[in-house]
Amino acid sequence: MFTDMEILRLAQSLASHAGTRQSVIAQNVANADTPGYRAKTVTDFAALVTDTHGQMRSSRPGHLSGSSTANLAEVVDGGGREAPNGNTVSLEAEMMRAGETRHAHDLALSVYRSSLDILRMSVGRR
Amino acid sequence: MSDLMKALTFAGSGMEAQASRLRHTTENIANADTPGYRRKITSFESVLNGMPGAGEVRTGRVSLDQTDLERIYDPSHPLSDDTGHHDGSNVDLVIEIADAREAQRSYEANLRLFDQARQMTSSLLDLLRR
């Protein structure tokens with residue numbers, strides 16, 4: 001655990017992914033009445049993580065080799081039904097996604113905090 | 001963190017645009033009985049990638065509704081012509097109220113996301129406070 005702190009890295013990536021997702025959702029909601037605007041979404045966090053040791057999958061060899069935790073979330077078209085003015089944002093769907101994002105962010109921060117607590121305890125500080 | 005700050009900016013631009021839409025709707029309602037008044041229509045456009053503030057929404061030019069003005073029969077009115085008619089406004093109160101309600105709904109959605117991004121930022125900063 002102490003050699004490369006995978007769990008902290010994973011929690012940090014999840015929090016940063018949630019941040020990206022939140023900004024995309026805010027952009028969609030701000031443009032909910034803009035004619036011709038296409039809703040955007042971010043690729044799932046699960047798609048970024050392989051099941052081996054929680055290592056991040058890289059889109060290019062050489063990426064993420066060290067301790068860097070670049071955010072690989074890609075912004076893609078969100079699909080959805082088109083309104084007569086060409087807008088594809090659904091406020092309800094965006095609110096659902098905002099709730100999920102909040103949950104993921106809270107989860108990441110809780111994991112981070114308790115891992116830090118364990119570390120503190122193990123070095124004898126309380 | 002910078003993404004969350006961007007989320008705050010986006011939500012803020014959305015609130016600003018909806019507020020300006022609500023202002024034009026209010027102007028229309030206030031002038032519903034003004035002779036010759038044409039209702040104002042707010043347009044929204046998103047800032048293109050590569051420009052400062054990309055992805056934000058802003059209000060474009062205000063356009064005037066070009067549908068026919070209502071003809072009102074009132075021979076005693078100073079603006080009346082030979083037939084006793086004068087031009088009213090083309091404001092339909094039902095449309096304006098519906099527009100105002102939609103602006104309010106969008107404003108609330110933006111406000112909620114602003115609040116959520118703010119809470120996410122502060123819980124992130126709480127990690128440092130221990």
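Biologist: How many residues of chain A are in contact with chain B, and how many of chain B are in contact with chain A?

Modeller: Keep in mind that we're looking at a predicted model here. On chain A's side, the elements that give two or more residues are helix 1 (6–30) and helix 2 (91–122) of chain A. Counting up both sides of the contact, you get 22 residues of chain A and 25 residues of chain B.

Biologist: Which element of chain A gives the most to the side that touches chain B?

Modeller: That side of chain A divides into 11 nonpolar, 8 polar and 3 charged residues. With 9 residues, the element that gives the most is helix 1 of chain A.

Biologist: Okay, let's step back to chain A itself. What pattern does chain A follow along the sequence?

Modeller: Chain A has 2 helices and 2 strands. Read along the sequence, they come in the pattern α-β-β-α.

Biologist: Where in chain A is the confidence highest among these elements, and where is it lowest?

Modeller: For chain A, the mean pLDDT is 82, and 78% of the residues reach 70 or more. There's also a stretch, residues 65–70 of chain A, where pLDDT stays under 50. As for the elements, helix 2 of chain A has the highest confidence, at 92, while the lowest, at a mean of 83, is in strand 2 (residues 75–77) of chain A.

Biologist: Now for the helix pairs. Why is helix 1 of chain A described as roughly parallel to helix 1 of chain B?

Modeller: The axes of helix 1 of chain A and helix 1 (residues 2–30) of chain B come within 8 Å and cross at roughly 10 degrees. Angles under 35 degrees count as roughly parallel. So helix 1 of chain A is, relative to helix 1 of chain B, roughly parallel.

Biologist: How many nonpolar, polar and charged residues are in the contact of helix 1 of chain A with helix 1 of chain B?

Modeller: From chain A, the residues making this contact include A:Gly19, A:Ser23 and A:Ala26. From chain B, they include B:Asp3, B:Ala7 and B:Phe10. Sorted by class, the contact has 7 nonpolar, 7 polar and 2 charged.

Biologist: What about the other pair: at what angle do helix 2 of chain A and helix 2 of chain B pack?

Modeller: Residues in this contact include A:Leu91 and A:Met95 on helix 2 of chain A, and B:Leu113 and B:Met120 on helix 2 of chain B. By class, the contact has 8 nonpolar, 3 polar and 1 charged residues. The axes of helix 2 of chain A and helix 2 (residues 93–126) of chain B are 11 Å apart, and the packing angle is about 5 degrees.

Biologist: Which helix gives the most to the largest nonpolar core?

Modeller: In soluble globular proteins, nonpolar side chains tend to be buried together. The largest nonpolar core here has 26 residues, and those with the most contacts inside it include A:Ala26, A:Val29 and B:Ala11. Helix 1 of chain A, plus helix 1 and helix 2 of chain B, each supply at least two of its residues. With 7 residues, the one that gives the most is helix 1 of chain B.

Biologist: And which residues does B:Ala7 touch, leaving out those up to four places away in sequence?

Modeller: B:Ala7 is one of the residues with the most contacts inside the largest nonpolar core. Leaving out those sequence neighbours, B:Ala7 touches A:Gln22, A:Ser23, A:Ala26, B:Leu113 and B:Ala117.

Notes:
Residues are numbered from 1 along each chain as its sequence is written. Chains are lettered from A and ligands numbered from 1 in the order in which they are written. This is a predicted model: local features need pLDDT of at least 70, side-chain atom pairs count only at pLDDT 80 or more; totals for chains, interfaces and linings use all residues. Two residues are in contact if their C-beta atoms, placed from the backbone, lie within 7 Å. Helices (H or I, at least four residues) and strands (E, at least two) are DSSP runs, numbered from the N terminus. Ala, Val, Leu, Ile, Met, Phe, Trp, Tyr, Cys and Pro count as nonpolar, Asp, Glu, Lys and Arg as charged, and the others, Gly among them, as polar. pLDDT is the predictor's confidence in each residue, from 0 to 100. Axes are lines fitted to C-alpha atoms, for helices over the stretch in contact, and angles run from 0 to 180 degrees between N-to-C directions. Angles under 35 degrees count as roughly parallel, over 145 as roughly antiparallel, 65 to 115 as roughly perpendicular and the rest as oblique. A nonpolar core is a set of buried Ala, Val, Leu, Ile, Met, Phe, Trp, Tyr and Cys residues joined through C-beta atoms within 7 Å. A residue is buried if 20 or more other C-beta atoms lie within 10 Å of its own, exposed if 12 or fewer, and partly exposed in between; C-beta atoms are placed from the backbone.
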